[in-house]
Amino acid sequence: MSETGKIYLDNSATTRLDPRVFEAMAPYFMEAYGNPSSLHSFGGAARDAVEEARERLAGTIGARPESVVFTSGGTESNNLALKGVAYASRRRGRHIITTAIEHDCILHSCQWLERQGFEVTYLPVDRAGLVNPDDVAGAVRPDTILVSVMHANNEIGTVQPVEEISAICREKGVPFHTDACQSFGKIPVDAGAFDLITLNAHKIYGPKGVGALVVGDGVSIEAWQHGGGHEHGLRSSTENVPAIVGFATAAELVVGSMEGESSRLARMRDRIIDTVLGEIEAAYLNGHRSLRLPNNVNLGFHGYEGEAIKLLLGLDEKGIAVSTGSACSSGTGTHSHVLAAIGLNPLEARGALRITPGRFNTDQEIDYLLEVLPKAARSLKSISSLI
C-alpha cells in the first residue's frame with residue numbers, strides 16, 4: 001500500500017507530479033518569474049528557460065526545436081492541428097480522414113469542421129481496435145488535406161500501425177497527424193514518422209495545463225488563438241514558464257527510463273490480465289492483447305457491464321482508484337464510443353473497467369488489487385449468474 005493507504009491505478013487519466021519535476025519548476029514561480037516577452041533581465045531569464053525547454057523536449061522525439069509549439073494541453077494541440085491545417089489548406093481541399101476511436105477533442109473538432117463545410121471520413125476499426133492501413137489508403141482523395149490517427153488509444157490501449165499509415169501518407173503527399181498523448185514516454189515516438197504530433201505533460205508525471213504541437217517542415221497551419229504572436233505566431237498567450245520547464249523535465253525523465261519502466265509496467269499489465277481472465281469466467285479483455293500500451297488493462301464482465309460503476313466504487317472503498325473509461329467522458333452517462341466502435345453493444349460499451357499502473361505503483365499494490373478485484377466482482381453475483 002502507498003503511504004496514504006490508497007492505490008492510484010488511473011494513470012491514463014493523469015499522473016502524479018514527479019518530485020524532480022516539481023523541483024525544476026519551483027524557481028520559475030518565485031524567483032525567475034518574468035514575462036518571457038519582456039526585454040529586461042527577468043524576461044530574458046524566462047525566455048531562456050522556455051527556449052531551453054523547447055530544445056530539450058524536441059530532443060526526446062528527434063524533432064527540431066523550432067517545430068515545437070507550446071499549448072495548454074493535448075486538447076488545444078489537437079484542435080490547433082485539425083482546424084489550423086484545415087483552414088490553411090481549404091483552397092486546396094476540404095477532406096479529412098480520421099478514425100472512429102479518436103479522443104473526443106479530435107472527433108468534436110471534426111464535427112465542427114463538418115459544420116464549416118469540410119468533409120470527414122471516419123474509418124472503422126476491428127474488434128481489437130486496429131485501423132487497417134489499406135482503409136486509409138483507400139480513403140485518400142485528391143482533395144484530402146489531413147490524416148489524423150492516434151498513436152495509441154486512451155481507453156483500450158491499442159497501438160495503431162502508424163509506420164504503415166505514415167508511409168501511405170508520404171506516398172500520397174498528405175500530412176499525417178497523430179495524437180501521442182497516451183503513447184509518449186511508454187513507447188517510442190519518432191518525429192520523423194509524422195507531420196504533426198500532439199503531446200502533453202500530465203500523462204508523463206508532469207504538470208497539468210501544458211502541452212505541445214510539433215509541426216513538421218512544410219506543414220501549413222493557421223493560428224486559432226490571436227494576440228501577441230507568441231509561439232512562432234501559432235499560439236498567442238504569455239507562456240506558462242514553470243509548466244513548460246516541468247514538461248521538458250518530465251519528458252526527459254520518462255524517455256530516459258522508458259525501456260526499463262515499460263517492461264516493468266507490461267509485467268504488471270500482463271499479470272492483471274492473466275489473473276482476472278483466469279479467475280473470473282465472465283471477464284474479457286477489450287483491445288489488442290499484445291499491440292497495446294504497456295500499462296493499459298481494459299476489462300469487461302459479461303452479464304453485468306451495467307454495474308461497472310458499482311465495481312469501481314467497491315474498489316474505491318477498498319482504497320483502489322481505477323476508471324470506467326476515458327476521464328474526459330466519465331460521468332456523462334453515455335456509453336464509450338471507442339467500445340461501440342469495436343463492436344460492443346450499448347450496455348457492454350458502458351461497462352468497462354480501465355486499470356492503468358504507473359511509475360509510482362509497486363508489485364505489492366498489484367497483489368492487493370488482485371486480492372480485492374475478484375472478490376468485488378463476485379459480490380455482484382446476485383446481478384449476474386455468470387460471475
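Which residue in S10 stands opposite Ala 283? In this predicted model, the residue facing Ala 283 is Phe 301 of S10. The contact belongs to the pairing of S9 with strand S10 (residues 297–301), which is antiparallel and extends over three bridges.

These two strands are part of an open sheet of three strands, arranged in the order S9-S10-S12 with antiparallel pairing. At its edges lie strand S9 (283–285) and strand S12 (353–355), each of which pairs on one side only. From one strand to the next, the twist averages 30 degrees.

A second region of interest centres on strand S7, spanning residues 196–200. This strand is mostly covered, with five of its five residues buried. A handy point to keep in mind while viewing the model is that side chains in a regular strand alternate between the two faces of the sheet. In S7, Leu 196, Thr 198 and Asn 200 point one way, while Ile 197 and Leu 199 point the other way. Residues pointing in either direction are buried, and Thr 198 and Asn 200 are among them.

Strand S7 also has two pairings to follow in the structure. With strand S6 (residues 176–179), S7 runs parallel, and three bridges join the two. Within this pairing, Thr 178 has Ile 197 of S7 as its bridge partner. With strand S8 (residues 211–215), by contrast, S7 pairs in the antiparallel sense, over five bridges. Here Leu 196 is matched with Val 215 in S8 as its bridge partner. Leu 196 and Ile 197, which point opposite ways from S7, thus offer convenient places to begin tracing these pairings by eye.

How values were computed: Residues are numbered from 1 along each chain as its sequence is written. This is a predicted model: local features need pLDDT of at least 70, side-chain atom pairs count only at pLDDT 80 or more; totals for chains, interfaces and linings use all residues. Side-chain values use heavy atoms; hydrogens and water are left out. Two strands pair if DSSP finds at least two bridges between them. Helices (H or I, at least four residues) and strands (E, at least two) are DSSP runs, numbered from the N terminus. Axes are lines fitted to C-alpha atoms, for helices over the stretch in contact, and angles run from 0 to 180 degrees between N-to-C directions. Buried means under 20% relative accessible area, exposed over 50%, partly exposed in between (1.4 Å probe, protein chains only).
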